[in-house]
Amino acid sequence: MTEPLLQLVDVSYRHGSDFELRDINLSIAPGERLAIVGANGSGKSTLSRLISAELTPTSGKIAGSARVPDGVGTAANLMLGDAARAVADVVASHIPTASVGDVLHAVSLPDDMANRRIRDLSGGERYRLAVGIQLAKRPALLVLDAPTATLDARST
């Protein structure tokens, strides 16, 4: 049997005196996709932050073959660097061997964006760039928290 990419066993997270998540059990195998859907404030972002090791569970265990920093990618917290830098420079700083064009094409961004400054990109373009960079890094597990929040209908 193959080790799961990610396994949460009785994971809880408490902030102050209140539980944000309680007794979460979850297993993701290689090749599987999982969508967590819920109301605002239901713990989706907290779960994402636990998986990406931004938060530490109050109790329980997180294991699996995909571990941070290299095995788990998240676009939400990818630092795009100095806003005055060009997109091509930012891509090269994250993945020196990647083709900027390939990164842009993976998320349907135009080639001419390579020369634009990060500060000149919309929020949706920045998010798509971050996703493109993570896709080029090829992490075993990609965590996308609210992946369509900053995107227009066509980009979604």
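Me: Which residue just after α4 takes a positive phi?
Reply: This is a predicted model, so take the angle as computed. The spot to look at is directly after helix α4, where phi turns positive at about 55°. The residue there is R138.

Me: How far does α4 reach from its first C-alpha to its last?
Reply: Helix α4 covers residues 123-137, which makes 15 residues. At 1.5 Å a residue you'd expect 21 Å, and the helix comes out close to that. From first C-alpha to last, the reach is 21 Å.

Me: Which elements do the buried residues of α4 pack against?
Reply: There are plenty of buried positions to look at here, including Y127, L129, V131 and I133. G124, E125 and R128 are also among the buried residues of α4. The partners of that buried set are two helices and two strands: α2 (87-94) and α3, plus β4 and β5 (141-143).

Me: Where is confidence lowest in the protein, and where is it highest?
Reply: Overall, the protein averages a pLDDT of 87, and 93% of the residues score at least 70. Helix α3 (residues 100-106) is the high end, with a mean of 94. At the low end, with a mean of 83, sits strand β4 (residues 72-74).

Me: Is R22 buried or exposed?
Reply: R22 belongs to strand β2, residues 18-28. Its relative accessible area is 51%, and the cut-off for exposed is over 50%. Therefore R22 counts as exposed.

Me: What separation do the C-alpha atoms of R22 and G43 have?
Reply: Along the chain, R22 and G43 are 21 residues apart. In space, their C-alpha atoms are separated by 9.7 Å.

Me: Is S12 buried or exposed?
Reply: S12 is found in strand β1, residues 6-15. Setting aside residues up to four places away in sequence, S12 touches F19, L21, R22, D23, P57, T58 and S59. The R22 contact shows up from the other end too, since R22 touches V11 and S12 on that same count. With a relative accessibility of 2%, against a cut-off of under 20%, S12 is buried.

Me: Which residues is S48 in contact with, leaving aside its neighbours within four places in sequence?
Reply: S48 sits in helix α1, residues 44-51. At 9% relative accessibility, S48 counts as buried. Leaving out those sequence neighbours, the contacts of S48 are V143 and D145.

How values were computed. Residues are numbered from 1 along each chain as its sequence is written. This is a predicted model: local features need pLDDT of at least 70, side-chain atom pairs count only at pLDDT 80 or more; totals for chains, interfaces and linings use all residues. Side-chain values use heavy atoms; hydrogens and water are left out. pLDDT is the predictor's confidence in each residue, from 0 to 100. Helices (H or I, at least four residues) and strands (E, at least two) are DSSP runs, numbered from the N terminus. The expected span of a helix is 1.5 Å times one less than its number of residues. Buried means under 20% relative accessible area, exposed over 50%, partly exposed in between (1.4 Å probe, protein chains only). Contact means heavy atoms within 4.5 Å.
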